[in-house]
Amino acid sequence: MLFRSAAHAIDRCHLAVLAIDAVQGVGLVEKKIAGLIQKAQRPCVVAVTKWDLASKGGEKTRGAGFRKEYEEALRRGLFFLPDVPVVFLSSVKKTGLEDLGESVTMMLRARSVKIGTGELNRVLLRATEARSTPVKAGKKLRVYYATQVEGPLPTLMGFVNSPALMSEAYERYLSNRVREHFQLGGCPLRWRWRGREKK
């Protein structure tokens, strides 16, 4: 029932805020909800609550690198959501709310970004030159060009010789390069692949 209602809420939202108890960390429930967010392709911000308890009186008492180490471990646990913003909140110390607001605003802007066709294709060209496209049954994927189309997220229409040759791993690689270049953070991209003969 919990995951059914969570899935319903995620499907209806424009942006998800995943709350993580700083003391308890990432457990099975948090991983399952992260998986639902990833499957629904929703922008997400991870909010670590009760940070004052986890840091035991402040980051200085745990060492300057404690927060960084904590975030790295958290990201490993939430591998479903790479590159999402992570903010640390403390209701006792009243810290982190401004960071949360800024991260939410950033992700909503990324969700509605306009990507120029020329610049997009220069990014894809560099990406395909840096990492060879997949080969299946002796046939090599060729990416001709791509353009942004209407959609609830940044949605890209890519023209290739055969959509069946595109692998999930290579699509993820292209998405990472595009998000990196256009500073989209962890905002998901949607791809639609269309086959065409090269003229």
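The twelve or so side chains around a pocket make a good place to start: in the second largest pocket of this protein, the lining divides into six nonpolar, four polar and two charged residues. Please keep in mind that the model is predicted. The protein has eight helices and eight strands, and buried residues make up 42% of its 199 residues. Below is a short tour, pocket by pocket and then through one of the sheets.**The second largest pocket**

- This pocket holds about 180 Å³ of space.
- Its lining is made up of Asn121, Leu124, Leu125, Thr128, Ser132, Thr133, Lys140, Leu141, Arg142, Val143, Tyr144 and Tyr145.
- Helix H7 (117-130) and strand E6 (143-149) are the elements that give two or more residues to this lining.
- H7 gives the most, with four residues.

**A closer look at Asn121**

- Asn121 is a handy residue to find in the viewer, as part of helix H7 and of the lining of the second largest pocket.
- Is Asn121 buried or exposed? Its relative accessibility is 18%, so Asn121 counts as buried, the cut-off being under 20%.
- Which residues does Asn121 touch, once its neighbours within four places in sequence are left aside? The contacts are Tyr144, Tyr145 and Ala146.
- Of these contacts, Tyr144 and Tyr145 also appear in the pocket lining.

**The largest pocket**

- The largest pocket has a volume of about 550 Å³.
- Its lining has 20 residues, and those nearest the centre are Gln38, Gln41, Arg172, Arg179 and Pro188.
- By class, this lining contains ten nonpolar, five polar and five charged residues.
- Which elements supply at least two residues each to this lining? They include H2 and helix H8 (168-181).
- H8 provides the largest share of the lining, with six residues.

**A three-stranded sheet**

- Three strands form an open sheet with parallel pairing, in the order E1-E2-E3.
- At the edges are strand E1 (16-21) and strand E3 (86-88), each of which pairs on one side only.
- From one strand to the next, the twist averages 25°.
- Strands of a sheet pair through backbone hydrogen bonds, in either a parallel or an antiparallel way.
- How many bridges join E1 to strand E2 (residues 44-49)? There are six, and the two strands run parallel.
- If you would like a single pair to look at, Ile20 has Val48 in E2 as its bridge partner.

**Helices against the sheet**

- Helix H2 (residues 28-40) lies across E1 and E2, and it runs at about 165° to E1.
- Helix H5 (residues 66-77) packs on the sheet and touches E1, E2 and E3.
- The direction of H5 makes about 135° with that of E3.
- H2 links two topics of this briefing, since it lies across two strands of the sheet and also supplies at least two residues of the lining of the largest pocket.

**The protein as a whole**

- Along its principal axes, the C-alpha trace spans about 65 × 40 × 35 Å.
- Taking contacts between residues at least 6 apart in sequence, 70% join residues at least 24 apart.

Key: Residues are numbered from 1 along each chain as its sequence is written. This is a predicted model: local features need pLDDT of at least 70, side-chain atom pairs count only at pLDDT 80 or more; totals for chains, interfaces and linings use all residues. Side-chain values use heavy atoms; hydrogens and water are left out. Two strands pair if DSSP finds at least two bridges between them. Axes are lines fitted to C-alpha atoms, for helices over the stretch in contact, and angles run from 0 to 180 degrees between N-to-C directions. Contact means heavy atoms within 4.5 Å. On a 1 Å grid over the protein atoms alone, a cavity is a set of points where a 1.4 Å probe fits but cannot get out, and a pocket is an open set with protein on both sides within 12 Å along at least five of seven lines; lining residues have an atom within 4 Å of a point. Grid points are joined across faces, edges and corners, and a volume is the space filled by probe spheres set on the points. Ala, Val, Leu, Ile, Met, Phe, Trp, Tyr, Cys and Pro count as nonpolar, Asp, Glu, Lys and Arg as charged, and the others, Gly among them, as polar. Buried means under 20% relative accessible area, exposed over 50%, partly exposed in between (1.4 Å probe, protein chains only).
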